[in-house]
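Here is a short report on selected helices and loop residues. Keep the sequence and the model side by side while reading.

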Amino acid sequence: MFERMKEKKKEGKTVRRIVAIIALVVLLIVGIAGFQVYNFVSGALKPVDPDSEKVVEVEVPIGSNLDSIAELLEKNGIVKDARVYKYYVKFNNESEFQAGTYGLLPSMTLDEITQSLKTGKVYREPLFTITVPEGLTLEQIAENVIAKKTDFTAEQFMEKINDEAYIDELMVKYPTLLTDEIKNENVRYDLEGYLYPATYPFYEEDPSLTLIIEQMLNATQANVVQFEALMQEKKMTPHTLLTFASLLEEEATSQSDRQAIASVFFNRINEDMPLQTDPTVIYAMGEHKERLFNKDYEFEHPYSTYTNKGLPPGPIASAGIESIQAVLDPADTKYFYFLADSTGKNHFAETYDQHLANRDKFIGQ
């Protein structure tokens, strides 16, 4: 009997020890899990990349709820975790986010991001901006924008965009935008027409050429990728779209002109006629001319649409969104000709005789 009591006492000690060990293990697991959760949440509340100066365009559609906005921000690398951002917004009782396109940075705090989405603007003010007007060539961007607004020279910019190793890197980074078409032996500059005309904010005093160039490429990709379905329908690539749009950018003065000129070019292509647009000759000759003479139209060059049918090998300038849209939505006309008078107004014609009459009336023989 005494032995049995001794054994039960021993068993009780063992059970208590096991229970104590299990409780300690459970507390340890809970503690570790809690520590991990704490680290995860505290990390997710911090900026994705505090040192990043890369502006990411994020489009918040009309009618978006907090869940979809949070997922959109995570997908674009603006917040680390959509769930944490959603709880952060709810905890701070924030609401009334506005739809629109935002230029957000991975270095922004959750509060800065929230304030941007509420006010409809970027919360952080840029140190300076660079504006690239529509219709500029790369050489003009180098001389009139980069050399004047940054510490880089035009030569440094041109050297960078002509660096084959760098172009190869960009082709990997932007596979749907920069295709093998830019490597055509007749293309003058691989990135001609690919640096989107817009105003770019910069949040550091001395942004690198890489940052400047890729911010422009990001804008081009954002403005081209939205038309992917239309491009497939029209059997166009980003390269042919930007090439076509660059011709409209150089020829047109208004949106209606762009659509009408696009119809002229499509009509000519369908009839196997050369496009015969003067800006391609000027680009081919590599020098600005106020007026072309008969001998200029005979200048043999792959970019000349007088001596070659179809589109030139690549864009001849950077086109804006209106020209891009006009290519994809041209006017429905029977025009084959157009000319501009001294005021810049374009006059269209269906036949060559009508075109000659317009020439005599608005320009003179």
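How many of the 14 residues of H10 are buried? The count is 12, so H10 is largely enclosed by the rest of the structure. Bear in mind that this is a predicted model.

**Helix H10**

H10 covers residues 238-251. Its 14 residues should span 20 Å at 1.5 Å a residue, and its end C-alpha atoms are 20 Å apart, which agrees. Buried residues of H10 include Pro 238, His 239, Leu 241 and Leu 242. Thr 243, Phe 244, Ala 245 and Ser 246 are buried too. So are Leu 247, Leu 248, Glu 249 and Glu 251.

**Helix H2**

H2 runs over residues 66-75, and its buried residues are Ile 69, Ala 70 and Leu 73. Seen down the axis of H2, these fall within an arc of 100°, so they line one face of the helix. What do they pack against? The partners are strand S1 (56-60), helix H3 (82-91), strand S2 (100-104) and helix H4 (110-119). The face of H2 turned away from the buried side carries Glu 71 and Lys 75, both exposed.

**Where H6 meets H8**

Helix H6 (residues 154-161) and helix H8 (residues 209-225) have axes that come within 11 Å. These axes cross at roughly 65°. The crossing of H6 past H8 is right-handed. H6 contributes Gln 156, Phe 157, Lys 160 and Ile 161 to the contact. From H8 come Leu 209, Thr 210 and Ile 213. By class, the contact of H6 with H8 has four nonpolar residues, two polar and one charged.

**Three single residues**

His 355 sits in helix H15, residues 352-362. Is His 355 buried or exposed? Its relative accessible area is 15%, under the 20% cut-off, so His 355 is buried. Leaving out residues up to four places away in sequence, His 355 touches Tyr 337, Phe 338, Leu 339 and Ala 349.

Two loop residues come next. Asn 93 is not a glycine, yet its phi is positive. Asp 272 is likewise a residue other than glycine with a positive phi.

| Residue | Loop between | Phi | Relative accessible area |
|---|---|---|---|
| Asn 93 | H3 and S2 | about 55° | 68%, exposed |
| Asp 272 | H11 (255-270) and H12 (278-285) | near 60° | 52%, exposed |

Exposed means over 50% relative accessible area. Asn 93, at 68%, therefore counts as exposed. Asp 272, at 52%, is exposed as well.

Key
Residues numbered from 1 in each chain as written. Predicted model: local features only at pLDDT ≥ 70, side-chain atom pairs only at ≥ 80, totals over all residues. Heavy atoms only, no water. Helix = DSSP H or I, 4+ residues; strand = E, 2+ residues; numbered from the N terminus. Expected span 1.5 Å × (residues − 1). Buried < 20%, exposed > 50% of the residue type's maximum accessible area, 1.4 Å probe, protein only. Axes fitted to C-alpha atoms, helices over the stretch in contact; angles between N-to-C directions. Left-handed = near helix turned anticlockwise from the far one by under 90°. Contact = heavy atoms within 4.5 Å. Nonpolar A, V, L, I, M, F, W, Y, C, P; charged D, E, K, R; others polar. Arc of directions from axis to C-beta.
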